[in-house]
Every structure is written in C-alpha cells, then in structure tokens.
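Colleague: I've got a model open on my screen and I'd like to learn how to read it. Please walk me through it feature by feature.

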Amino acid sequence: MSVKIRLQRHGKKQKPFYWVVAADARSKRDGKYLEKIGTYNPNTNPATIELNIDSAVKWLHNGAQPTDTARAILSYKGALLKHHLDGGIRKGALTQEQADAKLSAWLDAKAGKVDAKKDGLTKAQADAKSKAFKAEQEVNAKRLAAAAKAEADAIAAATPAAEEEVAEAEEAPAAEENNETTEA
C-alpha cells in the first residue's frame, strides 16, 4: 500500500479549510485516511498552519510521498528539514544535539520572518486607515468651508436688498418733509 500525505478539503463554498492527512493513495480525496497530521487555513494572511511535525516525519520515514502542496506545507513548517537531519543522524554525519540545534535555529529564523510579515501587514493596514481618515477630514473641511461660503453669500445677497429697502424707507419720509415745508 502506498501512502500519500495530502490535503483533505473541508469548509464551505469560497472558504476552504484543509486537513493535512496521511492516506492510502487509492482512497478518495475527502475519503478514508490513516492519520490526521494537521490543518491548513488559507483564508488568513499569512495562512494558518497547525502541524504535528513528529507525526509527519514518522510518515516520511515510512515512505509516504507528499503531494506538491503538502510538500510546500511540510517544508514551511520544517518537517522536511527534520526528516533530512534525521537521515544525517542515521548515517552518522550529525549527532542528535547538532540536528536539534540546527532545527531550532531554522525554526526561530522562520518565526522571525513570519512575525515581520504580520507586523508589516498590520502597519500597512494602520497606514491605510489613517490615510482614509485624513482624506475624510479634508473632504469634511472642504464641505464645511463651502457651506460657510454659501451661507455668507446668501447673507450678502440679502443684505444689499435690505439696505436698499432701509435707504428707500429713509428717503421717503425725508421727501415728505421737504414737500410739507415748501407748502407752508
């Protein structure tokens, strides 16, 4: 029986969620499996991967062949490196302590890269939010200035008409007084 390490799809439409499983190569994609090794959620950024490295390495030692995507996931989490280092231990090129030190150094470096990406995404999101807020403030300031100008124009337009009425009202009594004084 040949064993494959592959993905088993779960989740709903447009929201995939995968189990990483060791399964008989003849079984269906979402069918019977031998062991669940981990999970993979591509919906998050960066993708969330939970993997039992020891179980994956055990299956690799037993001859399981990962699919392309499963190979990428195993490589990303360090299972293939651990499998490679275990081969060096079996041949006598490394000791267990040296292999563990190399694996932990690699995992620390990988964790640093992932954290840097998360920080970069968080910073980019915060920058985009602040730019949108500043743009909204500018639009609101322009809108308030336009409203104030329109109100001032309306007052200015109403003020000359009112001044003309006041001026006409003042001229009319003055003209009546002049007419009265000439008749007397």
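Modeller: Let's begin with polar contacts: pairs of N or O atoms within 3.5 Å, where, within protein, one can donate a hydrogen and the other accept it, and residues adjacent in sequence count only through side-chain atoms on both sides. Here, the backbone oxygen of glycine 31 lies 2.7 Å from a polar atom of the glutamine 8 side chain. The glutamine 8 side chain also has a polar contact of 3.3 Å with the side chain of histidine 10.

Colleague: Before we go on, what should I know about the numbers?

Modeller: This is a predicted model, and local features need pLDDT of at least 70, side-chain atom pairs count only at pLDDT 80 or more, while totals for chains, interfaces and linings use all residues. Residues are numbered from 1 along each chain as its sequence is written, and side-chain values use heavy atoms, leaving out hydrogens and water.

Colleague: Is glutamine 8 buried or exposed?

Modeller: The scale is relative accessible area with a 1.4 Å probe, protein chains only: buried is under 20%, exposed is over 50%, and partly exposed is in between. Glutamine 8 comes out at 2%, so it counts as buried. It lies in strand 1 (residues 3–12). Helices (H or I, at least four residues) and strands (E, at least two) are DSSP runs, numbered from the N terminus.

Colleague: And which residues is glutamine 8 in contact with?

Modeller: Contact means heavy atoms within 4.5 Å. Leaving aside neighbours within four places in sequence, glutamine 8 is in contact with Phe17, Tyr18, Trp19, Val21, Arg29, Asp30, Gly31 and Tyr33.

Colleague: How many aromatic pairs are there?

Modeller: Rings of Phe, Tyr and Trp (its six-membered ring) pair if their centres lie within 6.5 Å; planes under 30 degrees apart are stacked, over 60 edge-to-face, and the rest tilted. The structure holds 2 such pairs. Tyrosine 18 and tyrosine 40 are stacked, at 5.9 Å centre to centre with 25° between the planes. Tyrosine 18 sits in strand 2 (residues 15–24) and tyrosine 40 in strand 3 (residues 35–41), so this pair ties together parts 22 residues apart in sequence. Tyrosine 40 is buried, at 17% relative accessibility.

The other pair, tryptophan 19 with tyrosine 33, is edge-to-face, at 6.0 Å and 80°. That pair joins strand 2, home of tryptophan 19, to the loop between strand 2 and strand 3, where tyrosine 33 lies, 14 residues apart. Tryptophan 19 is partly exposed at 22%, and tyrosine 33 is partly exposed at 32%.

Colleague: Which charged end sits over the ring of tryptophan 19?

Modeller: The test is NZ of Lys or CZ of Arg within 6 Å of the ring centre and within 35 degrees of the ring normal. Lysine 36 has its charged end over the tryptophan 19 ring, 4.1 Å from the centre.

Colleague: Now the backbone. How do I read unusual angles there?

Modeller: Most residues other than glycine have a negative phi, and most peptide bonds are trans. Glutamine 14, not a glycine, has a positive phi of about 65°. It is found in the loop between strand 1 and strand 2 and is exposed, at 72%. The bond from asparagine 45 to proline 46 is cis, with omega near -5°, and proline 46 is in the loop between strand 3 and strand 4 (48–51). Glycine 63, just after helix 1, takes a positive phi of about 100°.

Colleague: Which residues of helix 1 are buried?

Modeller: In helix 1 (residues 53–61), they are Ser55, Ala56, Val57, Trp59 and Leu60. Those buried residues pack against several elements, including strand 1, strand 2 and strand 3.
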